[in-house]
Amino acid sequence: MSQHRHPGAPGRAGAVPALPDLPEATVARLPEYLRALHNLADTGHETVSSEGLSAAAGVNSAKLRKDLSHLGSYGTRGVGYDVALLIEQIEFVLGLTQRRAVALVGVGNLGHALAGYDGFASRGFRIAALLDADPSRVGEEINGLVVRHVDDLPTVAAEESLAIGVIATPAAAAQQVADQLVAVGVTSILNFAPCVLSVPEGVDLRKVDLAIELQILSFHEHRKASLTALPATGGSALTALPGGFAATDTQEAIGT
């Protein structure tokens, strides 16, 4: 079956944009496919097989084919997927055909690093404003942008048509910042602060917690160490858990 455009995809004159209803898991994998496709395009590849793309994206090939079928993209037997067209389709579905304005609130160590990252522009995003509540940081220039006071957020929102807010503040300030972003009409928020935020219905909130990711990796390290320590006879090895419980074989002793 040959590859074809989604009915609302770019390049079709007069088409009314119509987005497929994608499963959340598929949406989460599309950026990985897009990253892999851009790498393939940069190295001169015009087509790619599902196996080649799945290996480049680190995803099972059957899962990849199912994900791309949601976009109306099936590839061509014996040829594979057209790299440029597939990039166009995924960027359209992800809304990356326009550069979305992002406000970054909090320019401490993490925020400073995010503000200086040049990769956002190539992914369809524009850091439009840097804001902070610390007067000592206001006026600082980072990557060509001058840090403004967070109280200027309503003015910034009016000037820049903000699409996304990124919170990189300490946990204690994050909820207030989220409220301020919502108040100026921002309905998509990425939170790097180590806390749970409450936002109204209709506001999309995603959380990135590096400490949690490290703790999950710590669990896997703990589990691997436990498995290598099991008796060679295959007998049942009991591990004492805090509180008097016991874990058998591959169960882990995890403190709460």
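How are H1 and H3 oriented to each other? Keep that in mind as you open the viewer; the tour gets there shortly.

**Before you start**

This is a predicted model, in which local features need pLDDT of at least 70 and side-chain atom pairs count only at pLDDT 80 or more, while totals for chains, interfaces and linings use all residues. Residues are numbered from 1 along each chain as its sequence is written, and side-chain values use heavy atoms, with hydrogens and water left out.

**Stop 1: the whole chain**

Show the protein chain as a cartoon. You will find nine helices and 12 strands. Helices here are DSSP runs of H or I with at least four residues, strands are runs of E with at least two, and both are numbered from the N terminus. Of the 256 residues in the chain, 34% are buried. Buried means under 20% relative accessible area, exposed means over 50%, and partly exposed lies in between (1.4 Å probe, protein chains only). Now think about contacts, meaning heavy atoms within 4.5 Å. Among contacts between residues at least 6 apart in sequence, 54% join residues at least 24 apart.

**Stop 2: helices H1 and H3**

Select helix H1, residues 24-42, and helix H3, residues 61-69. The axes of H1 and H3 come within 10 Å and cross at roughly 105°. An axis is a line fitted to C-alpha atoms, for helices over the stretch in contact, and angles run from 0 to 180 degrees between N-to-C directions. Here is the reply to the opening question: H1 and H3 are roughly perpendicular to each other. On this scale, angles under 35 degrees count as roughly parallel, over 145 as roughly antiparallel, 65 to 115 as roughly perpendicular and the rest as oblique.

Show side chains next. Thr26, Arg29 and Tyr33 of H1 meet Lys63, Leu64, Asp67 and Leu68 of H3. Sorted by class, this contact has three nonpolar, one polar and three charged residues. Nonpolar covers Ala, Val, Leu, Ile, Met, Phe, Trp, Tyr, Cys and Pro; charged covers Asp, Glu, Lys and Arg; the others, Gly among them, are polar.

**Stop 3: bring in H2**

Add helix H2, residues 50-57. H2 packs against H3 at an angle of about 105°, with the two axes 9 Å apart. H2 and H3 are therefore roughly perpendicular. On the H2 side, look for Ser50, Glu51, Leu53 and Ser54; on the H3 side, for Ser61, Leu64, Arg65 and Leu68. This contact of H2 with H3 has three nonpolar, three polar and two charged residues.

Then turn to H1 and H2, which pack at about 110° with their axes 8 Å apart. That angle makes H1 roughly perpendicular to H2. H1 offers Glu32, Tyr33, Arg35, Ala36, Leu37 and Leu40, and H2 offers Leu53, Ala56 and Ala57. Which classes appear in the contact of H1 with H2? There are seven nonpolar, no polar and two charged residues.

**Stop 4: a region from UniProt**

Colour residues 32-71. UniProt lists this span as "DNA-binding region" in an unreviewed entry; such annotations may be inferred rather than shown by experiment, and the positions follow the numbering used here, with feature names shortened. The end C-alpha atoms of residues 32-71 lie 15 Å apart, and the span is 70% helix and 5% strand.

**Stop 5: the aromatic pair**

Zoom to Tyr117 and Phe120. The structure holds one aromatic pair. The ring centres of Tyr117 and Phe120 are 4.9 Å apart and the planes stand at 90°, so the pair is edge-to-face. Rings of Phe, Tyr and Trp (its six-membered ring) pair if their centres lie within 6.5 Å; planes under 30 degrees apart count as stacked, over 60 as edge-to-face and the rest as tilted. Tyr117 is partly exposed at 44% relative accessible area, and Phe120 is partly exposed at 25%.

**Stop 6: neighbours in a loop**

Go to the loop between strand S8 (164-167) and helix H8 (171-183), where you will find Thr169. Pro170 also sits in the loop between S8 and H8. Is Thr169 buried or exposed? Thr169 counts as buried, at 11% relative accessibility, whereas Pro170 is exposed at 59%. Leaving out residues up to four places away in sequence, Thr169 touches Val105, Gly106, Ala174, Val177 and Ala193. Try a distance label too: Pro170 and Ala193 are 23 residues apart in sequence and 5.9 Å apart in space, C-alpha to C-alpha.

**Stop 7: two positive phi angles**

Finish with Asn143, in the loop between strands S5 (141-142) and S6 (145-146). Phi of Asn143 is near 55°, a positive value in a residue other than glycine. Ser161, in the loop between helix H7 (153-160) and S8, has a positive phi near 50°. Ser161 counts as exposed, at 58% relative accessibility.
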